[in-house]
Amino acid sequence: MASTSTPNATRVAIVTGAAQGIGRAIAIRLASDGLNVAINDIPSKQLQLEEVVQEIQKLGKGGLVLPGDVTKEEDVKDIIEKTVERFGRVDVMVANAGVLEPFGTILDAEISEWESLFDVNIRGVVLCYKYAAQQMVKQGFGGRLIAASSICGLNGYAGLGAYCISKASVRSLTQTVSLELSPYNITVNAYAPGLIQTDMTSHPDDEQLGSPTAWLRNGQTISMNGGGVFN
């Protein structure tokens, strides 16, 4: 669906995984910067999404709740189409949705669980990039694609193999897509947060270990014994 708006109209962002944590903060910041914001998360988080939209509206900007599963192609297409129907355009896609589990080493890896994580963290980003980029190309005045990588996409961490692979993939995909879309004035970037206390990074072991995200920090400090690291 093409946009009928002009390049200098109010910009519009889509943020996935926006019901809580980093995604919620991004959506509110974009609204405070003057953008209308469509927000997505899984349908079970409908009420949380509505609360975020209320925060967006308090800032004087338009908000739109778009529940859906970023691993499903039709859902992602629907997110783009409904955003354009409401706001007339898409200028920014923040492919933030992600999951952290499963945990564990390669010795006990359940491949089906790893693949479920890859569906959200890799497939979801691919679909968001694809359909947002198609809309931006139709509009003809560029745009911004942004995805969530992680410090775990830069280094390996014990017990987080599936997550590390997925975030390294986001980094590589982003570098590739930035080259492919530069002729259309579409910039593509990924952000790579370190440890941030959110619902996703909370773990029952944290209380026993004495502080939030302690279980993750513990995994980061396990000695590599000189193996598996290539500079």
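Which side chain of opposite charge is nearest to the buried Lys45, and how far away is Asp41 from Lys45? In this predicted model, that nearest side chain is Asp41, 4.2 Å away. Lys45 is buried yet has no salt bridge. A salt bridge needs a side-chain nitrogen of Lys or Arg within 4 Å of a carboxyl oxygen of Asp or Glu, so the pair does not count. Lys45 sits in the loop between strand E2 (36–39) and helix H2 (46–58). Neighbours within four places in sequence set aside, Lys45 is in contact with Ala19 and Gln20.

The overall layout comes next. The chain has seven helices and six strands. Read from the N terminus, the elements follow the order β-α-β-α-β-α-β-α-β-α-β-α-α. The chain holds 231 residues, and 42% of them count as buried. Contacts between residues at least 6 apart in sequence were also examined. Of these, 68% join residues at least 24 apart.

The six strands form an open sheet. Their order across the sheet is E3-E2-E1-E4-E5-E6, and the pairing is parallel. Strand E3 (63–65) and strand E6 (186–191) are the edge strands, each pairing on one side only. On average, neighbouring strands of this sheet are turned by 15 degrees against each other, direction ignored.

Strand E1 covers residues 12–15. E1 pairs with E2 in the parallel sense, over four bridges. Here Val12 stands opposite Asn36 in E2. E1 also pairs with strand E4 (residues 92–95), again in the parallel sense, over three bridges. On that side, Ile14 stands opposite Met93 in E4.

The side chains of E1 point in two directions. In a regular strand, side chains alternate between the two faces of the sheet. Val12 and Ile14 point one way from E1. Ala13 and Val15 point the other way. All four residues, Val12, Ala13, Ile14 and Val15, are buried.

Two helices can be placed against these strands. Helix H2 lies across E2 and E3. H2 runs at about 175 degrees to E3. Helix H3 (residues 73–87) lies across E1, E2, E3 and E4. The angle between H3 and E3 is about 145 degrees.

Charged pairs were then searched for. The whole structure contains six salt bridges. One of them joins Glu55 and Lys58, with 3.5 Å from N to O. Both residues lie in helix H2. They are three residues apart, about one turn of the helix. Glu55 counts as partly exposed because its relative accessibility is 29%. Lys58 counts as exposed because its relative accessibility is 65%.

Helix H3 holds another salt bridge, between Asp78 and Lys82. The closest N and O atoms of Asp78 and Lys82 are 3.2 Å apart. Asp78 and Lys82 are four residues apart, again about one turn of the helix. Asp78 has a relative accessible area of 30%, so this residue is partly exposed. Lys82, at 38% relative accessibility, also counts as partly exposed.

A further salt bridge links Arg89 and Asp91. The closest N and O atoms of this pair are 2.6 Å apart. Both Arg89 and Asp91 are buried. Lys45 is likewise buried, but has no salt bridge.

Cysteines were checked last. A disulfide is a covalent bond between the sulfur atoms of two cysteines. The count of disulfides is zero. For Cys152, the closest cysteine sulfur is that of Cys164, at 4.3 Å. No bond is assigned because this distance is too far for one. The cut-off for a disulfide is 2.5 Å between the sulfur atoms. Cys164 is in no disulfide, its nearest cysteine sulfur being that of Cys152. Cys152 is buried, with a relative accessible area of 7%. Cys164 is buried too, at 9%.

Terms used: Residues are numbered from 1 along each chain as its sequence is written. This is a predicted model: local features need pLDDT of at least 70, side-chain atom pairs count only at pLDDT 80 or more; totals for chains, interfaces and linings use all residues. Side-chain values use heavy atoms; hydrogens and water are left out. Buried means under 20% relative accessible area, exposed over 50%, partly exposed in between (1.4 Å probe, protein chains only). Lys and Arg count as positive and Asp and Glu as negative; His and the chain ends are not counted. Contact means heavy atoms within 4.5 Å. Two strands pair if DSSP finds at least two bridges between them. Axes are lines fitted to C-alpha atoms, for helices over the stretch in contact, and angles run from 0 to 180 degrees between N-to-C directions.
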